[in-house]
Amino acid sequence: FWAELGGKKDYPEGSPDEDTAQPPRLFQCSNASGTFEVDEVVDFAQDDLNMDDTFILDDGKEVFVWVGPEANELEKRKVM
């Protein structure tokens, strides 16, 4: 398991410096094409969260999952 992740390492101490903070990233998770796909949304805004898909937002410190009220069961299952 650890070899696949690049080896076991010590956890960093303290909080990350402002200089190393990464910009937030949004990923759209959908099976509209017939297969479940995850695509990054660049230059995103709240309006990009459409009602029939699921999304993952990584802000560098926490990961959030948004499930559109019209997302299908496969999308809901796969995003978790």
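**Entry 1: R25 and E40.** I looked up the contact between R25 and E40 and found that their side chains meet in a salt bridge, with 2.9 Å from N to O. The pair links distant parts of the chain: R25 belongs to strand 1 (residues 25-30) and E40 to strand 2 (residues 37-41), 15 residues apart. I note here that this is a predicted model.

I then checked how open the two residues are. R25 has a relative accessible area of 39%, so I list R25 as partly exposed. E40 comes to 37% relative accessibility and is also entered as partly exposed.

**Entry 2: other salt bridges.** How many salt bridges does a search of the whole structure find? The search gives 2. Besides the R25 pair, I found K76 bridged to E73, where the closest N and O atoms are 3.6 Å apart. Both residues sit in helix 1 (residues 73-79), and because they are 3 residues apart there, about one helical turn separates them.

Is E73 buried or exposed? I have E73 down as exposed, because its relative accessibility is 53% and the cut-off for that word is over 50%. K76, at 30%, counts as partly exposed.

**Entry 3: the sheet.** I turned to the strands next. I found 4 strands in an open sheet, with the order 2-1-3-4 and antiparallel pairing. Which strands stand at the edges? They are strand 2 and strand 4 (63-67); each has a single partner strand, so one side of each is left without a neighbour in the sheet. I also noted the turn between neighbouring strands of this sheet, which is 25° on average with direction ignored.

For background, I wrote down that strands of a sheet pair through backbone hydrogen bonds, either parallel or antiparallel.

I followed one pairing in detail. Strand 3 (residues 54-58) and strand 4 run antiparallel and are joined by 5 bridges. Within strand 4, V67 is the residue that stands opposite T54.

Strand 2 came up twice in my notes: as the strand that holds E40 of the salt bridge with R25, and as an edge of the sheet.

**Entry 4: a surface patch.** Last, I looked for nonpolar side chains on the surface. Which residues form a nonpolar patch there? I found F1, W2, L5 and Y11, which together have about 580 Å² of accessible area. I checked Y11 further and placed this residue in the segment before strand 1. Y11 has 73% relative accessibility, so I recorded Y11 as exposed.

Definitions and conventions. Residues numbered from 1 in each chain as written. Predicted model: local features only at pLDDT ≥ 70, side-chain atom pairs only at ≥ 80, totals over all residues. Heavy atoms only, no water. Salt bridge = Lys/Arg side-chain N within 4 Å of Asp/Glu carboxyl O. Helix = DSSP H or I, 4+ residues; strand = E, 2+ residues; numbered from the N terminus. Buried < 20%, exposed > 50% of the residue type's maximum accessible area, 1.4 Å probe, protein only. Patch = residues over 30% accessible without salt bridge, like charges linked within 9 Å, V, L, I, M, F, W, Y side chains within 5 Å. Areas by Shrake-Rupley, 256 points an atom, 1.4 Å probe, with all protein chains shown as cover. Pairing = 2+ DSSP bridges. Axes fitted to C-alpha atoms, helices over the stretch in contact; angles between N-to-C directions.
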